[in-house]
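Got the viewer open? Let's walk through this one stop by stop, selecting as we go.

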Amino acid sequence: MEEVPRDCPGADSAQAGLGASCQGCPNQRLCASGAGAAPDPAIEEIKEKMKTVKHKILVLSGKGGVGKSTFSAHLAYGLAEDENTQVALLDIDICGPSIPKIMGLEGEQVHQSGSGWSPVYVEDNLGVMSVGFLLSSPDDAVIWRGPKKNGMIKQFLRDVDWGDVDYLLVDTPPGTSDEHLSVVQYLAAAHIDGAVIITTPQEISLQDVRKEINFCHKVKLPIIGVVENMSGFVCPKCKKESQIFPPTSGGAEAMCQDLKIPLLGKVPLDPHIGKSCDKGQSFFVEAPDSPATLGYRSIIQKIQEFCRLHQSKEETSSVPKAC
């Protein structure tokens, strides 16, 4: 993954893709294609569509294989445990849509209604949308260039009938590519609460996470916090903790202190997590007393608190000041 230019003018700037600092950037052509162009009308359409969605959270990772989709799925499961909370999970990992498998929805199809595409529901209050539902087989490869991926994301945000939703969770692919720029651009006018960034303890993962954090700063995407996944292994018999992936540089905790961003928590390894995902079931049901379950629940609570505070600030700022 290449680093975002230090003096990046920003995707919305008239100099996007044209400045000297843009030379060599992997997203130069994408940014330049929109520089000086009229705003995409879909942005306003999506803003209108998102009026029924209270909170919008992106789940990011710098590197693949760190458990981002697993976290997205269990964040959705955890929030939906309250029957009065409506949750939507959107999978925009176009080339590697794993959410249908993790949520036990493989083989399901998207249905069209008068108000748009209908999500596939795990529970009455938990809806899911993924390009995986549009493929004839889970083994089919999605071989698309950037513009087609962007069009798919636009369609998911604009044409899916989400209804009244408390939380829209967006599971993104690894890195800082077309998909990330698109979802931030399309949701910017609708206000994104922030991003949760997933990492593992090793420096090789943290190195890419720093790029992800830099990306969030460049596009003015608030960071809710970082989750350190696969953070040690607690033996179910002796309860002794072992470091499977030793944090040679201090792990996510040291990185967060250095960059002054919140560490939401750590989730230890548990073999039941992989088994639950393979079976399309909630890990919380399979292992309710696992240290990993407790880690997840603590993190979910902090995310809820962040969203409540974010909503309170928005409501306060929208109240007209007295003369």
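Start by selecting 62 to 69. In an unreviewed entry, UniProt marks Gly62, Lys63, Gly64, Gly65, Val66, Gly67, Lys68 and Ser69 as "binding site". Keep in mind throughout that this is a predicted model.

**Stop 1: Val66 and Lys68**

Click on Val66 first. Valine 66 sits in the loop that runs between strand S1 (53-61) and helix H3 (68-80). Is valine 66 buried or exposed? Its relative accessible area is 4%, so valine 66 counts as buried. Show what surrounds valine 66 and, leaving out residues up to four places away in sequence, you'll find Ser61, Ile198, Thr199, Thr200, Ser205, Asn229 and Met230 touching it.

Now hop to Lys68, which takes you into helix H3. Lysine 68 is buried too, because its relative accessibility is 6% and the cut-off for buried is under 20%. Which residues is lysine 68 in contact with, leaving aside neighbours within four places in sequence? Val59, Leu60 and Ser61 are among them, and so are Asp93 and the run Asp171, Thr172, Pro173 and Pro174. Ile198 is on the list for lysine 68, and Ile198 also touches valine 66.

**Stop 2: the four N-terminal cysteines**

Next, select Cys8, Cys22, Cys25 and Cys31, and turn on their side chains. UniProt has these four under "binding site", again in an unreviewed entry. They span 24 residues of sequence but cluster in space, with a largest C-alpha distance of 10.7 Å.

Take two of them in turn. Cysteine 8 lies in the segment ahead of helix H1 (28-34), and with a relative accessible area of 28% it is partly exposed. Beyond its neighbours up to four places away in sequence, cysteine 8 touches Ser21 and Lys218. Cysteine 31, on the other hand, is in helix H1, and at 16% relative accessibility it counts as buried.

**Stop 3: zoom out to the domains**

Colour by domain for a moment. The domain assignment splits the chain into domain 1 (1-38) and domain 2 (42-311). Taken over C-alpha atoms, the centres of domain 1 and domain 2 are 26 Å apart.

**Stop 4: H5 against H6**

Show helix H5 (residues 146-159) and helix H6 (residues 178-188) together, and hide whatever gets in the way. Two packed helices are described by the angle between their axes and the distance between those axes. What are the values for H5 and H6? The angle is about 35 degrees, and the axes are 9 Å apart. The crossing of H5 and H6 is right-handed.

Bring up the side chains at the contact. From H5, pick Gly146, Lys149, Asn150, Ile153, Lys154 and Leu157; they meet Asp178, Glu179, Ser182, Val183, Tyr186 and Leu187 in H6. By class, this contact has 5 nonpolar, 3 polar and 4 charged residues.

Look again at how the H5 positions are numbered. An α-helix has 3.6 residues a turn, so residues three or four places apart point the same way.

Zoom in on Asn150 in helix H5. Asparagine 150 counts as buried, because its relative accessibility is 9%. Leaving aside neighbours within four places in sequence, asparagine 150 is in contact with Asp178, Glu179, Ser182 and Tyr186, and with Leu30 as well.

Before you leave, switch to H6 alone. Why call H6 largely enclosed by the rest of the structure? Because 9 of its 11 residues are buried. The buried residues of H6 are Asp178, Glu179, His180, Leu181, Ser182, Val183, Val184, Tyr186 and Leu187.

**Stop 5: two more cysteines**

Select Cys235 and Cys238, which UniProt also lists under "binding site" in an unreviewed entry. Cysteine 235 is in the loop between strand S9 (223-234) and strand S10 (241-242), and cysteine 238 is found in the loop between S9 and S10 as well. Cysteine 238 is exposed, because its relative accessible area is 52% and the cut-off for exposed is over 50%.

**Last stop: Lys302**

Finish at Lys302 in helix H11 (residues 291-318). Lysine 302 is partly exposed, at a relative accessible area of 35%. Not counting neighbours within four places in sequence, lysine 302 is in contact with Leu263 and Leu264. Add isoleucine 224 to the selection: it is 78 residues away from lysine 302 along the chain, and their C-alpha atoms are separated by 9.0 Å.

Methods:
Residues numbered from 1 in each chain as written. Predicted model: local features only at pLDDT ≥ 70, side-chain atom pairs only at ≥ 80, totals over all residues. Heavy atoms only, no water. Domains from an automatic or database assignment. Axes fitted to C-alpha atoms, helices over the stretch in contact; angles between N-to-C directions. Helix = DSSP H or I, 4+ residues; strand = E, 2+ residues; numbered from the N terminus. Left-handed = near helix turned anticlockwise from the far one by under 90°. Contact = heavy atoms within 4.5 Å. Nonpolar A, V, L, I, M, F, W, Y, C, P; charged D, E, K, R; others polar. UniProt positions renumbered as here; feature names shortened; annotations may be inferred. Buried < 20%, exposed > 50% of the residue type's maximum accessible area, 1.4 Å probe, protein only.
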